[in-house]
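User: Please take a close look at the second largest pocket of this model, and tell me what lines that pocket and which parts of the chain the lining comes from.

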Amino acid sequence: MSLINNIIPEQNFEKVRDIIGVILKDELENQKALQPSRFTEDINIFTARTTPFQQSEILMINVSCDNGNYTSITQSNNQGGVNYNIDIFSSAKESGSNNGGLNSAMIRDKYNGAIRYILSSTKYNTLLLPLGAIMGTAINSFENFEVPNSLDTSFNQMCRITFNVRMTENQALWDGVSVNGLNTTVKIDLTDKGYQLIKDF
């Protein structure tokens, strides 16, 4: 028999994953409009993508939920930090005196810097969620490395940004079960040890 008969809502850590993608898509497209000569790539952003990066894509940004650690737990809510991975994949061809690897790294670093700026902005302190849901955000780290299983001639580069979001998750308290009545009778019985209270239900 199921004891939870209410609808379990979408959790904040799920909402945040998707909201990060929405914020980055909107702000990077805006930068592309403001700086068309600098941001020339198509802004391809995904959440929880598992298919490999294709060289023809030039740029791909993938947001995924990595892990969470609840440091404050009560019957009504859990509070703690959740880490998100923002993976930037880039690819480029040789141009002039620059080889493809350098050009690809320049694309990767450009979007790394833009994402750091966007997610560190105080305009996104609450990540567009209601007050109380988000308690703070921080870019914890980034790491650059070669794309796994990439051919030497593909010039694929990758950066992983770790973004920490401190949030609250709520759950409804149990209302208990109504009891129609409970009758108790206490009587005094005389024993060789003195008077003893005896409870009858």
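Analyst: In this predicted model, the second largest pocket holds about 230 Å³ of space, and its lining is made up of 13 residues, among which Glu-27, Gln-31, Ala-114, Tyr-117 and Ile-118 lie nearest the centre. Two elements each give two or more residues to that lining, namely helix 1 (12-34) and helix 2 (100-120), and helix 2 supplies the largest share, with five residues. Sorted by class, the lining of this second largest pocket divides into five nonpolar, four polar and four charged residues.

Since helix 2 gives the largest share of the lining, its geometry deserves a closer look. Helix 2 has 21 residues, which at 1.5 Å a residue should span 30 Å, and because its end C-alpha atoms are 30 Å apart, the expected span and the model agree. At the N-terminal end of helix 2, Asn-99 acts as a cap, with a side-chain oxygen placed 3.1 Å from the backbone nitrogen of Gly-101.

For context, the largest pocket contains about 400 Å³ of space; it is lined by 13 residues, and those closest to its centre are Ile-4, Asn-6, Ala-172, Leu-173 and Trp-174. The lining of the largest pocket has eight nonpolar, four polar and one charged residues, whereas four charged residues are found in the lining of the second largest pocket.

Terms used
Residues are numbered from 1 along each chain as its sequence is written. This is a predicted model: local features need pLDDT of at least 70, side-chain atom pairs count only at pLDDT 80 or more; totals for chains, interfaces and linings use all residues. Side-chain values use heavy atoms; hydrogens and water are left out. On a 1 Å grid over the protein atoms alone, a cavity is a set of points where a 1.4 Å probe fits but cannot get out, and a pocket is an open set with protein on both sides within 12 Å along at least five of seven lines; lining residues have an atom within 4 Å of a point. Grid points are joined across faces, edges and corners, and a volume is the space filled by probe spheres set on the points. Ala, Val, Leu, Ile, Met, Phe, Trp, Tyr, Cys and Pro count as nonpolar, Asp, Glu, Lys and Arg as charged, and the others, Gly among them, as polar. Helices (H or I, at least four residues) and strands (E, at least two) are DSSP runs, numbered from the N terminus. The expected span of a helix is 1.5 Å times one less than its number of residues. A polar contact is a pair of N or O atoms within 3.5 Å; within protein, one must be able to donate a hydrogen and the other to accept it, and residues adjacent in sequence count only if both atoms are side-chain atoms.
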